Amino acid sequence: MTSILKKIIEFRDERGWREHDTPDALAKSIIIEAAELLQNFQWPDEAPNHENIKEELADVIIYALAMCSDLGLDPEKIIEEKLEKNKIKYPSPKM
């Protein structure tokens, strides 16, 4: 995770985009890219475009990881914490 996060931040910083990556701008970008991802599933009679799905999903992840970096959050830690909360909130029926 550290390696890919470093690449994302280097890519952004090399282009001078850091000043635009405020938490609110990143949150908006995540929503915009998620909507573009959703377009692939808008019409049930059309086959999803797997290449576009990969690209839009990557955009969502890139913005989310950039936001983690800017807010000083460890993505692995916050995911693990959320999974633990979800285990309590949504217990497995197999247990």
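Start by selecting isoleucine 53, which is found in helix α3. What you have open is a predicted model, so please read everything along the way in that light.

**Stop 1: isoleucine 53 and its partners**

Is isoleucine 53 buried or exposed? It is buried, with a relative accessible area of 13%, and the cut-off for that label is under 20%. Now show the residues around isoleucine 53. Leaving aside its neighbours within four places in sequence, you will find it in contact with Leu37, Asn40, Phe41 and Pro48. Pick the C-alpha atoms of isoleucine 53 and leucine 37: the two residues are 16 apart along the chain, yet these atoms are separated by 5.9 Å.

**Stop 2: leucine 37**

Move on to leucine 37, which lies in helix α2. Its relative accessibility is 18%, so leucine 37 counts as buried. Not counting residues up to four places away in sequence, leucine 37 touches Ile53, Glu56 and Leu57. For a contrast, draw a distance from the C-alpha of leucine 37 to that of glutamate 84. These residues are 47 apart along the chain, and the distance reads 27 Å.

**Stop 3: along helix α2**

Select residues 23-39 to light up the whole of α2. For its 17 residues, 1.5 Å a residue gives an expected span of 24 Å, and the end C-alpha atoms are 25 Å apart, which agrees. Which residues of α2 are buried? They are Leu26, Ser29, Ile30, Glu33 and Leu37. Turn the view to look down the axis of α2: the buried residues fall within an arc of 105 degrees, so they line one face of the helix. It helps to recall that an α-helix has 3.6 residues a turn, so residues three or four places apart point the same way. Rotate to the other side of α2 and you meet the exposed residues Lys28, Ile31, Leu38 and Gln39. Among what covers the buried residues of α2 is α3.

**Stop 4: the loop on the way to α3**

Next, click on asparagine 49, in the loop between α2 and α3. At 41% relative accessibility, asparagine 49 counts as partly exposed. Asparagine 49 and threonine 2 are 47 residues apart in sequence, and their C-alpha atoms lie 30 Å apart in space.

**Stop 5: helix α3**

Select residues 50-71, which make up α3. With 22 residues at 1.5 Å each, α3 should span 32 Å, and its end C-alpha atoms are indeed 32 Å apart. Colour the buried residues of α3: Ile53, Glu56, Val60, Leu65, Ala66, Met67 and Cys68. What do these buried residues pack against? They pack against α1, α2 and α4, the last of which covers 75-89.

**Stop 6: helix α1**

Now select residues 2-14, helix α1. Its 13 residues reach 18 Å from the first C-alpha to the last, close to the 18 Å expected at 1.5 Å a residue. In α1, the buried residues to highlight are Leu5, Ile8, Ile9 and Arg12. Viewed down the axis of α1, they fall within an arc of 90 degrees, so they line one face of the helix. Flip to the face turned away from that buried side, and you will see the exposed residues Lys6, Lys7 and Glu14. The cover over the buried residues of α1 includes α3. Just after α1, pause at glycine 16, which takes a positive phi of about 70 degrees.

**Stop 7: where α1 meets α3**

Finally, show α1 and α3 together. How do their axes cross? They come within 10 Å and cross at roughly 90 degrees; the two helices are therefore roughly perpendicular to each other. To see the contact itself, display Ile4, Leu5, Ile8, Ile9 and Arg12 of α1 with Ile62, Leu65, Ala66, Ser69 and Asp70 of α3. Colour these contact residues by type, and they divide into 7 nonpolar, 1 polar and 2 charged.

Terms used
Residues numbered from 1 in each chain as written. Predicted model: local features only at pLDDT ≥ 70, side-chain atom pairs only at ≥ 80, totals over all residues. Heavy atoms only, no water. Axes fitted to C-alpha atoms, helices over the stretch in contact; angles between N-to-C directions. Helix = DSSP H or I, 4+ residues; strand = E, 2+ residues; numbered from the N terminus. Parallel < 35°, antiparallel > 145°, perpendicular 65-115°, else oblique. Contact = heavy atoms within 4.5 Å. Nonpolar A, V, L, I, M, F, W, Y, C, P; charged D, E, K, R; others polar. Expected span 1.5 Å × (residues − 1). Buried < 20%, exposed > 50% of the residue type's maximum accessible area, 1.4 Å probe, protein only. Arc of directions from axis to C-beta.
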